[in-house]
Amino acid sequence: MDRETLGQRIRALRIRQGVSQAQLAFPELSDSYISLIESDKRVPAPSVVDLLAVKLNCSATYLVSGVSEDVVDELRVTLDYAEIALRNGAAAEARARFAEVLANADAVALPEMLHQARWGHALALEAAGELEEVIAGLRALTEEASAEADLDHWARVHVALSRCLRERGDISAGVQAAEEALRHLIATGADSTDAAVHLGAALLAAFIERGDLVRARQLAGQLVERAERIGSARARTVAYWEAANVAQIRGEYEEGVGLAERALMLAGDGEDPRDLNRLRVVYAGLLLRARPDQAVQARELLDRVSGEINAGSAGEIDVARCLTELARAETALGRPAEAVRLAEDALELLGDAPRRVTAGALTVLGEACVRLGHRDRAVEVLTRAATCLEDMESSREAAQAWFDLAEVLAETGTREPRMAAYRRALTCVGV
């Protein structure tokens, strides 16, 4: 059904109230201008819409959209409830409430509210691990978003798309999404902005997962330099965080600890709790690798994070990452049986989808099984980890997983499988 135009609504309200064009216009406007508006030959400025709404005893929202204030209030309450549910970790409830707004016919006439619902719905889908559906939704949002209209939101949508593509295992597609968006910002002269740093961080994460450490290290240095030039705490936090990830992948754990500590010091009260806890998990993982003697402190931090993310809006992937690092801490503290339990909990959350975090949980589980003397199971899970990483283009990490498997096989005395694992490791690094 076609909706009335703004001009038609103004005319209908004026006639219903027995007011002439001249009376409606006086004293701020002319009656000829009112006539042009009512015939849709002029689009009034927002200030004029506000003025006419006061004179016609209605809301500006109703004049623009044709949606009554009662319906707008109802939709706004539903959106607020959905946002609260998302923050509190009730992803299914949030998804249902956002979908309720999207299904409302009146929402079509409320573009800002509709956009908020679509973005929230995408975040709820991601939190629930529905990657296929969220990627489709994010692709649609990237086509509609405008860097000129809202640079920060435009960047957030592209960062989310790159992140979800990587989580699904499409690392090259994740690289492409972030790279094209960053290229657009540079071409439009918006490279010295927080948005550019966030997109650069997304691209850096994709390079890391693809095993492209040369480009990752170059970009990490550029990101830190750009963030320090911009000067905002948020930009510097993101840059130091991703530089810490690069240091971890390169095995430069002590440097990574320092970078993560700088990021945590800058992370303020306004930081997204989900991002802050992700950073804490990265920091704890670096502590476990750089300073094994601080495994107790790392586990205590992870325990706190675990309590927060289970009560917050974290998705299954964030929870699984935290459980995996907790398992690593338990192994370091000489409790491999507890590590097995935690790693298995992480894998149960993740399901069968081939994800990088799944490979990480399998690797930690394999190490715990070795410590327990369960070598057959260690071989099985490490083989799954290596195969998963290979399938996801994570060549460097796949090579390390095959090498770790070969070392386990060496202890069992099985020569041919061991040599096959070494050959797979070499193939992954192009030898």
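In this predicted model, Q248 is found in helix α14. With a relative accessible area of 19%, Q248 falls under the 20% limit and is therefore counted as buried. Leaving aside residues up to four places away in sequence, the neighbours that Q248 touches are Y253, V282, L286 and R289. One of these, Y253, also belongs to the contact that helix α15 makes with helix α14, which leads conveniently to the helix pair itself.

Two packed helices are described by the angle between their axes and the distance between the axes. For helix α14, covering residues 233-249, and helix α15, covering residues 253-266, the angle is about 160 degrees and the axes lie 8 Å apart. Since an angle over 145 degrees counts as roughly antiparallel, α14 and α15 are therefore roughly antiparallel to each other. Their crossing is left-handed. On the α14 side, the contact is formed by A233, R236, T237, Y240, W241, A243, A244, A247 and Q248. On the α15 side, the participants are Y253, E255, G256, L259, A260, R262, A263 and L266. Sorted by character, the residues of this contact comprise 11 nonpolar, 3 polar and 3 charged. Q248, the buried residue introduced above, is thus best read together with its partners in this helix pair, including Y253.

Turning to the cysteines, a disulfide is a covalent bond between the sulfur atoms of two cysteines. How many disulfides does the structure hold? The count is 0. C322 is in no disulfide, and the nearest cysteine sulfur to that of C322 belongs to C164, 20 Å away. A disulfide requires the two sulfur atoms to be within 2.5 Å, so the separation of 20 Å between C322 and C164 rules out a bond between them in this model. Are these two cysteines buried or exposed? C164 is buried, with a relative accessible area of 0%, and C322 is likewise buried, at 1%.

Finally, a view of the whole chain helps to place these details. The protein chain contains 23 helices and 0 strands. Along the principal axes, its C-alpha atoms fill a box of roughly 95 × 40 × 35 Å. The chain has 431 residues, of which 48% count as buried; Q248, C164 and C322 are among them. When contacts with a separation of 6 or more are considered, 59% come from residues 24 or more positions apart.

Notes. Residues are numbered from 1 along each chain as its sequence is written. This is a predicted model: local features need pLDDT of at least 70, side-chain atom pairs count only at pLDDT 80 or more; totals for chains, interfaces and linings use all residues. Side-chain values use heavy atoms; hydrogens and water are left out. Axes are lines fitted to C-alpha atoms, for helices over the stretch in contact, and angles run from 0 to 180 degrees between N-to-C directions. Helices (H or I, at least four residues) and strands (E, at least two) are DSSP runs, numbered from the N terminus. Angles under 35 degrees count as roughly parallel, over 145 as roughly antiparallel, 65 to 115 as roughly perpendicular and the rest as oblique. A crossing is left-handed if the near helix is turned anticlockwise from the far one by less than a right angle, and right-handed if clockwise. Contact means heavy atoms within 4.5 Å. Ala, Val, Leu, Ile, Met, Phe, Trp, Tyr, Cys and Pro count as nonpolar, Asp, Glu, Lys and Arg as charged, and the others, Gly among them, as polar. Buried means under 20% relative accessible area, exposed over 50%, partly exposed in between (1.4 Å probe, protein chains only).
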